[in-house]
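Work through the exercises below with the model open. Try each task before reading its solution.

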Amino acid sequence: MSRSIVRQSKFRHVFGQPAKAEQSYDDIRVSKVTWDSSFCAVNPKFLAVIVESSGGGSFLVLPLSKVGRVDKNYPLVVGHSGPVLDIDWCPHNDNILASGSEDTTAMVWQIPDHTPSRPISEPIVVLEGHSKRVGIVKWHPTARNILLSAGSDNLIIVWNVGTGEPLITMDDHPDLIYNVSWNYNGSLFCTTCKDRRLRVCDPRKREVVAERMAPHEGIRPMRAIFTREGNIFTTGFTRMSQRELGLWDPTNFEEPIALLELDTSNGVLLPFYDPDTSLVYLCGKGDSSVRYFEITEEPPYVHYLSTYSSKEPQRGMGFMPKRGVDVSKCEIARLYKLHERKCEPIIMTVPRKSDLFQDDLYPDTAGPDPSLEPEEWMDGRDDDPILISMRDGYVPPKSRELKVSKKNVLDSKPAPRRSLSAVDGSSLPPQLLEKLVEEIQSLKATVLSQEKRICDLENKLSKYTNGTV
């Protein structure tokens, strides 16, 4: 008599549960833009949600601790002249956020630790290079200040945010790009496109190094993400419009490692991947459930674990980086589910009896320090993320300012400058010249003193809000 053997896995009993009602973020007008973005981004300090707004595009940024009802007058981040389509937190600075918009620009923002008194309207840098809407923004996982943007002009641009310059432009896609995912060390990225092809691109060589026609036979949008081992996990649709997931080896795209049919539904499945545990969480737009799977090296390679279900459908979803979870409660993932009018944290937990730190659940994870500078990455160097231990939990550092040193476009052609003293004496009387110089110097001194005062006040406010005073 044959007996089925149950597969051993420490994640077999992972369960999801919503946070208590008072731990949710209520009264948020989530964007109604018809774009398959997650509309939500989260890190250990902040929650950012793209919201409805008239006359341009805006998003809401809340400190994680600011739970409950959101004041309708809470200051937004405004600056885009069209609806915001995608947002992404910088993995190396918890106060830096990138956004892409229908106004054809990507912008990078510095979010203060304290609650701003008025809307944030001045980005650190505006990245202008696309001719149509920017639907995707993705930070490089290991190199400082490297940001990728993809637009409806079918262009992919890799920027150095520190100088505001485009470093690499790729035009290998003949149609709309659905999504982009960097691999673990940021040497390659994969894309899915409306032409039904899955591509693996080497940005520094500016070429497509591998591609697969129709990994899923359906014509509806696909998603693809790199796993830590270098394989590619995809979600898409069959010819009969059933949702399907696949696992592929980019060095041999002929046959899938695994292909699994799920259900019949219209919602695009957004995959969120945890490289530390090899778990994938699938969140369908319009679904009221989150399925999760474990990727392993033994057949059938993609193992279904369980489903978290609720009554309300989700408009979008945010995924917390591993350093933001609570290790004292055996929490291995936290998702932020967007409803029509609120955002609800969903906590994924491995049931354990011991209160001690669980080494097997928390291997060292990617920390906030970049392992490469932009110049090193452009020169061809690759490095894995710098890892940190989760044993004592993670405390986000204080705000670090991102400095942008834009190169002057006039540097190559220096224009002759005329100082005030060199102005022809016949054109202005000497008394008027002296008066102008004095007024300029006086105004400069006033501006400097006001800037110093603002800086001092912001530092003081930051100390009060952080509880250090």
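**Exercise 1. Count the secondary structure elements of this predicted model.**

Solution. Run the assignment over the chain. The tally is two helices and 32 strands.

**Exercise 2. Compare the radius of gyration with that of a compact globule, then describe the extent of the chain.**

Solution.
Step 1. Take the chain length, 469 residues.
Step 2. Apply the globule rule, 2.2 Å times the number of residues to the power 0.38. The expected value is near 23 Å.
Step 3. Set the model against it. The chain has 25 Å, which agrees with a compact globule.
Step 4. Add the box along the principal axes. The C-alpha atoms fill roughly 110 × 50 × 40 Å.

**Exercise 3. Quantify burial, exposed surface and contact range.**

Solution.
Step 1. Use under 20% relative accessible area as the cut-off for buried. By that cut-off, 51% of the 469 residues are buried.
Step 2. Turn to the surface. About 23500 Å² is exposed, and carbon and sulfur atoms supply 50% of that area.
Step 3. Take the contacts with a separation of 6 or more. Residues 24 or more positions apart account for 52% of them.

**Exercise 4. Lay out the sheet that contains β26, and find the bridge partner of E294.**

Solution.
Step 1. Order the strands: β24-β25-β26-β27, four in an open sheet with antiparallel pairing.
Step 2. Mark the edges. β24 (269-274) and β27 (302-309) each pair on one side only.
Step 3. Get the twist. From one strand to the next, the average is 25°.
Step 4. Look at one pair. β26 (residues 289-295) runs antiparallel to β27, and seven bridges join the two.
Step 5. Locate E294. Its bridge partner in β27 is H303.
Recall the principle: strands of a sheet pair through backbone hydrogen bonds.

**Exercise 5. Which residues have the most contacts inside the largest nonpolar core, and which elements build that core?**

Solution.
Step 1. Start from the general tendency: in soluble globular proteins, nonpolar side chains tend to be buried together.
Step 2. Find the largest such core. It has 38 residues, and I28, L47, F59, V61 and Y336 have the most contacts inside it.
Step 3. Assign elements. Two or more residues come from each of β3 (40-42), β4 (46-51), β5 (57-63), β8 (84-89), β10 (105-110) and β29 (331-338).
Step 4. Rank them. β4 gives the most, with six residues.
Step 5. Inspect L47. Leaving out residues up to four places away in sequence, L47 touches several residues, including Y25, V42, V61, Y336 and C343.
Step 6. Check for another core. A second, separate one has 27 residues, among them F272, L279, F357 and L361.

Conventions. Residues are numbered from 1 along each chain as its sequence is written. This is a predicted model: local features need pLDDT of at least 70, side-chain atom pairs count only at pLDDT 80 or more; totals for chains, interfaces and linings use all residues. Side-chain values use heavy atoms; hydrogens and water are left out. Two strands pair if DSSP finds at least two bridges between them. Axes are lines fitted to C-alpha atoms, for helices over the stretch in contact, and angles run from 0 to 180 degrees between N-to-C directions. Buried means under 20% relative accessible area, exposed over 50%, partly exposed in between (1.4 Å probe, protein chains only). Contact means heavy atoms within 4.5 Å. Accessible areas come from the Shrake-Rupley method with a 1.4 Å probe; for residues, only the protein chains shown count as cover. A nonpolar core is a set of buried Ala, Val, Leu, Ile, Met, Phe, Trp, Tyr and Cys residues joined through side-chain atoms within 4.5 Å.
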